[in-house]
There are 2 protein chains.
Amino acid sequence: MTQSKSPSERRAHLVRLAGDLFAEKGFRATTVREIADAAGILSGSLYHHFDSKESIGDEILSAFLEDVLAGYREAVRDTPDPRTAIEQIVRSSTANLSRHRAALTMLQNDWNYFSGQPRFAYLRTTMKEIEQTWIELLERGKQTGQFRADLDTRLTYRLLRDILWLPTSWRSSATWSTDQIIDGLLRLLFDGIRA
Amino acid sequence: MTQSKSPSERRAHLVRLAGDLFAEKGFRATTVREIADAAGILSGSLYHHFDSKESIGDEILSAFLEDVLAGYREAVRDTPDPRTAIEQIVRSSTANLSRHRAALTMLQNDWNYFSGQPRFAYLRTTMKEIEQTWIELLERGKQTGQFRADLDTRLTYRLLRDILWLPTSWRSSATWSTDQIIDGLLRLLFDGIRA
DNA sequence: TGGTACCAAGCAAGCGTTCGGTCAAGGGCG
DNA sequence: CGCCCTTGACCGAACGCTTGCTTGGTACCA
C-alpha cells in the first residue's frame, strides 16, 4: 500500500490530506494535529515540510484561484457570444470546484480570516476580475437582446456567482451527478422554474 | 444614554450584542471575551446571565427557526396556489433572515459544530420540515402545469433554499434594498435571465 | 558522512469556564 | 426614620485545556 515515496511529492500528498480535512471542517476548525494524524506522523513533523499552517492554506487557495481564472479567461477568449461564454464558465467552474473542494470551504468559512491578511491579498484581486468578467458578459447579453433588459447586472452577478458554488458544498453529492447539477443549474439560470 | 435597565431585559441586550458579533464572525470564531468587551463587562460576568456560550447560540438559533417555520406554515395555509405560496415564503424568509442575521451566519459557518450536538437536534428536524414543504409545493406546481414538468424537485429545492439565504450574508447590503433583492430573486427564480 | 524525515517534549498564547469576593439598591422591621 | 440583610450584577484571578509552533535529538539511507 505505502509504496515508495518520491522526493518532494510527499509534500503534495500532505497538502492533499490537509485539503480533505479543510473541505470538511474549514481551515481554522482543522488543527495541525488532525492533519498530522491523517498523515500518520506527529504534528511537529509537519513543520519539516511547511513553515506554517497558513502556507498549506496558501498553496491550496492559490492553486484553486489560478485554475478558476484560467477558466474564465479561456471562456471569454473562445467565444464572443455571452450566453455560450456563461455556459462555458459554469462548466469550467463546476469542474474546478469539484477538484478543489477544500478551497471553496475555506473561502466560505474563513473568508474573514484570510482576506484580512496581506499575504492573501490575491483573493480580493481575483474576485475583482471574476466580477468584472461577469458584469461585462451580462451587459453584452443585454445589448444583444439575449438577456432581459431590466436585469440589474451587479445584483445578478452576485446571485449567479454565489449560486454557482453552492452545490459544491453539498456533502451528499452522491445524490446527483455533476452533469445533472450543471443541467439543473443552467436551466434554472436561463429559463427559471416556470413552464 | 445608558438609561435604567429593566430586570431581565439586560439579558436580551447581551444576546443582541453577541448576535451582532456572531453575524460578522460566526459562533466559534467569536470569543466570550469579545462579547463581554462589547457589553463593557468582564468575560466571567457573562456567566451570571448564561450558563455557557452555547446557551447564547441556542437562544439565537431557536428563535430564528421558530420564526422561519411559522412563515412556512402560514404560507401553505394561506393559499392553495403553489406559485403564490412560494412567493410568500420568499418574502417571509427574507424578512426573517434580515431580522436574524446572526442565526444565518451561524448555520452557514458552524453547521458542523451545532448539528452534531444532541442539544441542537431541532436544527435537523426543522430543516426536514422546510424541505418537505418545498418539495410538496414544487410537485403540486408541476401537476398544475405551472412549473416545468422536467424539474428535478429535490435538486431544485436544494438550489432554491440555499439561494434564498444567500443575499443575507452579503455584508454591503446597503447597495440594494430588500425589495430590490426580493424582486431580482423572484424574477430569476421564475423566469431566468433570458429575454 | 551528510542530509532527509521524523519523534518526543515542551512553550506561550488563547480558549471557555469557575469561583470567592465586592458593592450598590432596596424591601422589611423595630 | 434608621438599621439590617438579601439580592443581582459585576470584578479579579485563576483553572484546565487546546492551539500553532519550536527545539533537540535520532534513525536511516545515499
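A residue counts as near a strand if one of its heavy atoms lies within 4 Å of that strand. The model described here is predicted. In this model, 18 residues lie around DNA strand C. Those that come nearest are Leu42(A), Thr31(B), Arg33(B), Tyr47(B) and Lys53(B). Both protein chains are thus named in the list, Leu42 from chain A and the others from chain B. Sugar and phosphate make up 54% of the atoms of DNA strand C that come within 4 Å of the protein.

Several contacts reach the phosphates of DNA strand C. The side chain of Tyr47(B) places an N or O atom 2.4 Å from a phosphate oxygen of this strand. Lys53(B) uses its backbone: a polar atom there is 2.8 Å from a phosphate oxygen. Chain A takes part through Arg10(A), with a side-chain N or O atom 3.2 Å from a phosphate oxygen. By residue type, the surface near DNA strand C divides into five nonpolar, nine polar and four charged residues.

DNA strand D is surrounded by 17 residues. The closest are Thr31(A), Arg33(A), Tyr47(A), Lys53(A) and Leu42(B). For this strand, sugar and phosphate account for 56% of the atoms within 4 Å of the protein. In chain B, His49(B) has a polar side-chain atom 2.9 Å from a phosphate oxygen of DNA strand D. Ser45(B) also uses a polar side-chain atom, at 3.0 Å from a phosphate oxygen. In chain A, a polar backbone atom of Thr30(A) lies 3.2 Å from a phosphate oxygen of the strand. The surface near DNA strand D comprises five nonpolar, nine polar and three charged residues.

The protein chains also touch each other. In this interface, 42 residues of chain A are in contact with 42 residues of chain B. The size of an interface is often given as the accessible area lost when the parts come together. Between chain A and chain B, the buried area is about 3,800 Å². Carbon and sulfur atoms give 58% of that area. On the side of chain A, Arg148(A), Ile193(A) and Arg194(A) lose the most area to chain B. Together they supply 21% of what that side buries.

Polar and charged pairs cross the interface as well. Two salt bridges are counted between chain A and chain B. Asp150(B) forms a salt bridge with Arg187(A), and their closest N and O atoms are 3.2 Å apart. Eight residue pairs are in polar contact across the interface, with both residues at pLDDT 80 or more. Four helices of chain A each give two or more residues to the side that touches chain B: α1 (9-25), α5 (101-109), α8 (153-164) and α9 (178-191). The largest share, nine residues, comes from α9(A). The residues on this side of chain A divide into 19 nonpolar, nine polar and 14 charged.

The fold of chain A is made of helices. Chain A has nine helices and zero strands. Its C-alpha trace spans about 60 × 40 × 30 Å along the principal axes.

One helix of chain B was examined in detail. Helix α3 of chain B covers residues 53-78, a run of 26 residues. From first C-alpha to last, this helix reaches 38 Å, close to the 38 Å expected at 1.5 Å a residue. At the start of α3(B), a side-chain oxygen of Ser52(B) comes within 3.4 Å of the backbone nitrogen of Glu54(B).

Methods: Residues are numbered from 1 along each chain as its sequence is written. Chains are lettered from A and ligands numbered from 1 in the order in which they are written. This is a predicted model: local features need pLDDT of at least 70, side-chain atom pairs count only at pLDDT 80 or more; totals for chains, interfaces and linings use all residues. Side-chain values use heavy atoms; hydrogens and water are left out. The expected span of a helix is 1.5 Å times one less than its number of residues. A polar contact is a pair of N or O atoms within 3.5 Å; within protein, one must be able to donate a hydrogen and the other to accept it, and residues adjacent in sequence count only if both atoms are side-chain atoms. Contact means heavy atoms within 4.5 Å. Buried area is the accessible area (1.4 Å probe) that two parts lose on being put together, summed over both. A salt bridge is a side-chain nitrogen of Lys or Arg within 4 Å of a carboxyl oxygen of Asp or Glu. Ala, Val, Leu, Ile, Met, Phe, Trp, Tyr, Cys and Pro count as nonpolar, Asp, Glu, Lys and Arg as charged, and the others, Gly among them, as polar.
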